[in-house]
Amino acid sequence: MKEKVLAKFAEVFGDAEGAKAYFAPGRVNLIGEHTDYNGGHVFPCALTIGTYGVARKRNDNKLRFYSMNFEKLGIIESSLDDLKPYKEADWTNYPKGVMWAFGEKGMKVSCGMDLLLNGNIPNGSGLSSSASVEVLTGFILRDLFGFAVTNLELALIGQFSENNFNGVNCGIMDQFAIAMGKEGHAIFLDTADLSYEYAPVKLDGAKIVIACSNKKRGLGDSKYNERRSECETALAELQKRADIKTLGELNEEQFEALDGAIDSAVRVKRARHAVYENQRTIKAVDALKQNEIAFFGELMNQSHISLRDDYEVTGIELDTLVEEAWKIDGVIGSRMTGAGFGGCTVSLVKDEAIDTFIEQVGKAYEAKIGYAADFYVVEIGDGPRVL
Ligand code: GLA
């Protein structure tokens, strides 16, 4: 891939002299969904698929961007003097946002650059192609300009730019999982204080299978921000009766004891998901450590049901993929992953059942939804790097 992206860079920008190649992964979340902006736990891992990039500094303030995933868009130009989001700027609003965010944090990007990207994460799939581009851009800026930032800070800068430049009020999970990724491990992250632990994912005789619904979604036009504000309102209502800073501070019993504090049936469901999902995530990591993979899978299934019924972020596409998966012998657990409203499911599937899984879930999905899903057997990979 390194040779391929360097050759394309030379074709697009004249030559590749002095250009460097980089990679940042995508991520999949195993459990702990819509908990990261509620002070809860998440359990994502970086993947071996991700975004490849080639970058080179320029002698002027110009920014020239090219994506091999959107070749029709050609070179998109911008300038360091105009770091603002524009609709026409399309995907380049992500790298531009990160350049802007560095400036806001006192690290001004001092000259323009040419940047070529090529991702092998399916776009808009919920495997964090945008966070991958953000962390990759930050990693490149650190490398080219010598900014003194840790990988954790790269994650925070990526989230800051997504919140304030791209207008999506996302939590820290995606950027964290990507910036801090470790081969063979998932990251048990407490979003309340950013403490974390790497947990080995040893699935003897089973693999992680992603099913992509091909229902496109973008966080910006989804109900993501709406869910977040429903949780904030529920928290404010609970705070009249309980001394808590986040929903993640409550366990199931404490939440049930506050019955009546939330003044809307819908917000009760949203908060219940946030509380129960956080507790499920803690239990799931414990189960994995004890090698109780079947229980881990059971918790994944419960997570999906809660996202479907209480958080209401699944939809017929994701529900079909998951419900068809549950019918198959050898499926340890299956749930939607990421923000929802389209995107992907994640399943743990025994090796001998993978072919049947892809065939049967694929067939049933196409018959019901009218177009095909895509399947990926994935591996857990490392964080961003120079190639
Ligand atoms: C998106 C956001 C994350 C997280 C998930 C839901 O991926 O970017 O911060 O909230 O949705 O768990």
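Modeller: In what follows, Ala, Val, Leu, Ile, Met, Phe, Trp, Tyr, Cys and Pro count as nonpolar, Asp, Glu, Lys and Arg as charged, and the others, Gly among them, as polar. This is a predicted model, in which local features need pLDDT of at least 70 and side-chain atom pairs count only at pLDDT 80 or more, while totals for chains, interfaces and linings use all residues. Residues are numbered from 1 along each chain as its sequence is written, and side-chain values use heavy atoms, with hydrogens and water left out.

Biologist: How do the residues of the shell around the ligand divide into nonpolar, polar and charged?

Modeller: A residue belongs to the surroundings if one of its heavy atoms lies within 4 Å of the ligand. Of the 13 such residues, E33, H34, D36, D174 and Y224 come nearest. The shell divides into 6 nonpolar, 3 polar and 4 charged.

Biologist: How much of the ligand does the protein bury?

Modeller: Polar contacts (pairs of N or O atoms within 3.5 Å) include a backbone N or O atom of H34 at 2.7 Å from a ligand oxygen atom. A polar side-chain atom of R27 lies 3.1 Å from an oxygen atom of the ligand. By the Shrake-Rupley method with a 1.4 Å probe, the ligand taken alone exposes 300 Å², of which the protein buries 98%.

Biologist: Which element supplies the largest share of the largest nonpolar core?

Modeller: Such a core is a set of buried (under 20% relative accessible area, 1.4 Å probe, protein chains only) Ala, Val, Leu, Ile, Met, Phe, Trp, Tyr and Cys residues joined through side-chain atoms within 4.5 Å. Of its 44 residues, M99, F102, L141, F145 and F147 touch the most other members. The largest share, 9 residues, comes from α3.

Biologist: Why is strand β3 largely enclosed by the rest of the structure?

Modeller: Strands are DSSP runs (E, at least two residues), as are helices (H or I, at least four), and two strands pair if DSSP finds at least two bridges between them. Strand β3 pairs in the antiparallel sense with β1 over 9 bridges and with β6 over 7 bridges. It is largely enclosed because, of the 14 residues of β3 (residues 44-57), the number buried is 12.

Biologist: In the open sheet of 3 strands, which are the edge strands?

Modeller: The order is β2-β7-β8, with antiparallel pairing. Strand β7 (residues 185-190) and β8 pair over 6 bridges, and A186 has A199 as its bridge partner in β8. Pairing on one side only, the edge strands are β2 (41-42) and β8 (195-200).

Notes: A polar contact is a pair of N or O atoms within 3.5 Å; within protein, one must be able to donate a hydrogen and the other to accept it, and residues adjacent in sequence count only if both atoms are side-chain atoms. Buried means under 20% relative accessible area, exposed over 50%, partly exposed in between (1.4 Å probe, protein chains only).
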